[in-house]
Amino acid sequence: MEKLYKFLKYTFIILWTVFIVAPFLWAVSTSFKDFQSVNSKVTYIPWLDFEPTLEGWRVLVKSPARGGVDIVEPYFNSIFVTCTASLISIILGTLAAYALSRFTFKAGFVRNNDITFFFISQRIMPPIVLSIPFFIFLSTIGLLDSLLGLVVVYIVLLMPIAVWIMVDFFNRVPKELDETALIDGCNPYQAFYKVVLPNSIPGLIVAGMFCIIFGWIDFFFAFILTFTEVQLLPVKVVALNSSITPWWSLSASALISVAPLIIVAFVVERYLSKGNLSGALK
Amino acid sequence: MAKIELSNISHSYNPNDLNPTYALNPFSMTWENGKRYAILGPSGCGKTTMLNIVSGLVKPSKGNVLFDDNDVTNLITEERNIAQVFQFPVIYSTMTVFDNLAFPLRCRNFSEEKIEERVKSVSDTLRLSTFLNMPARKLTADQKQLISLGRGLVREDVAAVLMDEPLTVIDPDLKFRLRRNLKEINEEYKTTLVYVTHDQNEAMTFADNIIVMDQGEIVQVGLPKDLFERPKTTFVGYFIGSPAMNLFETQLHSDNSVKINDTTIKTNTNLSKLKNNNIKLGIRSEFVKVAKDESENLLEVNIQKIEDFGNFKLLTAKMGQLTIKSKINREIEIPNNTIKLHFPAEKCCVYQDNKLI
């Protein structure tokens, strides 16, 4: 029985791994092919099946004037917008979440839970609903087609995620921890940043990870709120497509688009498994 | 260290409602400097609320808190210089044991030499010295609670150390030692200790003075002996002592005696001014004895069961509908059916409307 269970378990894990990894391997292999290798017969192994070439990668960094597409600038634009918006969202979101978790708010029929829901509701709405207001808003303040404008919009989109995760996290940090800090001589601000915050690092990391992922992969707002001045990576990658699909450069750009998230995942995983959370109480 | 005075304090968690419910009814009390107090009562009787009012975590709906005659009611916790230990260990899990113990001193800008000295002294007392450089989260539950306690004791000038059932998670053997340690600390440093518990043995062995609470009221304040022998209300009689005090519905008989069924029981209380309704007689099972040659205050009872507790026997007997419990010496042989029990007059307490006469 136990052997069967083990067998099924490993079979499942192997199948799952193949399912996840195969597309990546396919993309890696395709990124080193040329037109001929992609369109003739099905091939897998470089040097044996086909002659590898770096053309798919080179196109990405060549300027358009020399026949390339140059995704370097959009790449750094994306990094800047995602990181700035995530950082600000985490800071504001954490403060808001702490307040929502520890203080009681009352305004008419509105209570803490309603405010929390209000934050989350920003994400429940289909993005298309927000597109026109955002467009009008950014054009009014003159930030359409600019990095700063995108940062503002992304903060609106990412902060609910931070608030949502951190409210839940702070609710699980016992109130006695804050109270003990007050008794030990901290003022409420010190209690927050000296005691509660260091205990919340796993929560902050999870919230940060989600913000970065959602910021990095957004195509919709990057697409409708920019034109010629600035471009973000997802828009640029989609723009690579033409009448003849350039599978090689699409694969290469997909791989370098995913690379930062893979790095984030590895870093975060180490922190999460450390178990900093366990043992604050009991 | 300070004298702590609670003057006309009352507290409600819903003061703005039409009919606010009070977690603490109005009371006044003074905690003398350097003494040990235990607050004893069932869950939800307002013990923790009282502590939180003293430490400033809760602001009382009415009344004032005074430390050495200074009104601190409106001061926040940080400014009160008080220590509080909660029921479950609270540690700063990202810090080492040393940093945990040093935290209250660092918050108050003590010098590093002073911090070193105090942390060493407290960690020696609590036997935490070998763990000082370990991350606090790696310790066991009872060691973590020792850290909580240590943070309370590390400041010498603290007005009082408030403890909210602090030994719940600690195993019995260590509990006993810690209670003794706390007593020693109190005697050495003259720190006022206030100890909330629902365990009467803990309260009795620890405190100079015991405050018994029930449903937001302070029912009795007194020495362990008074609480045991002369409980002011039937609640105290019932709550303190194991088994609870024997209580019987009675009728007045004369100026100093009452009747249980048809038996007259003499007491040392003057009953001449009482009305004959809702009178109860209370006596501790420790004072109910098997009669030898006494001639009065005797009750003839049927034995129900005898339980052997090792150091004593607990006899449960019936007289009509009444149940009487008596703690007796192990050596005494008890016949199987009927027996005469003696109620010493000086140990009988008479209650009207559940209050001691």
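Q: What makes chain B a confident part of this predicted model, in terms of pLDDT?
A: The mean pLDDT of chain B is 86, and 100% of its residues reach 70 or more; pLDDT is the predictor's confidence in each residue, from 0 to 100. This is a predicted model, in which local features need pLDDT of at least 70, side-chain atom pairs count only at pLDDT 80 or more, and totals for chains, interfaces and linings use all residues. Residues are numbered from 1 along each chain as its sequence is written, while chains are lettered from A and ligands numbered from 1 in the order in which they are written.

Q: Which elements of chain B have the lowest and the highest mean pLDDT?
A: Helix α5 (residues 172-189) of chain B has the lowest, 82, and helix α2 (residues 97-107) of chain B the highest, 93. Helices (H or I, at least four residues) and strands (E, at least two) are DSSP runs, numbered from the N terminus.

Q: How do you know that chain B touches chain A?
A: Two residues are in contact if their C-beta atoms, placed from the backbone, lie within 7 Å. By that criterion, 22 residues of chain B are in contact with 20 residues of chain A. On the side of chain B that touches chain A, α2(B) gives the most, with 3 residues.

Q: Why are 2-66 and 72-273 of chain A called domains?
A: Domain bounds come from an automatic or database domain assignment, and for chain A it gives domain 1 (2-66) and domain 2 (72-273). Their centres, taken over C-alpha atoms, are separated by 32 Å. The contact takes 13 residues from domain 1 of chain A and 9 residues from domain 2 of chain A.
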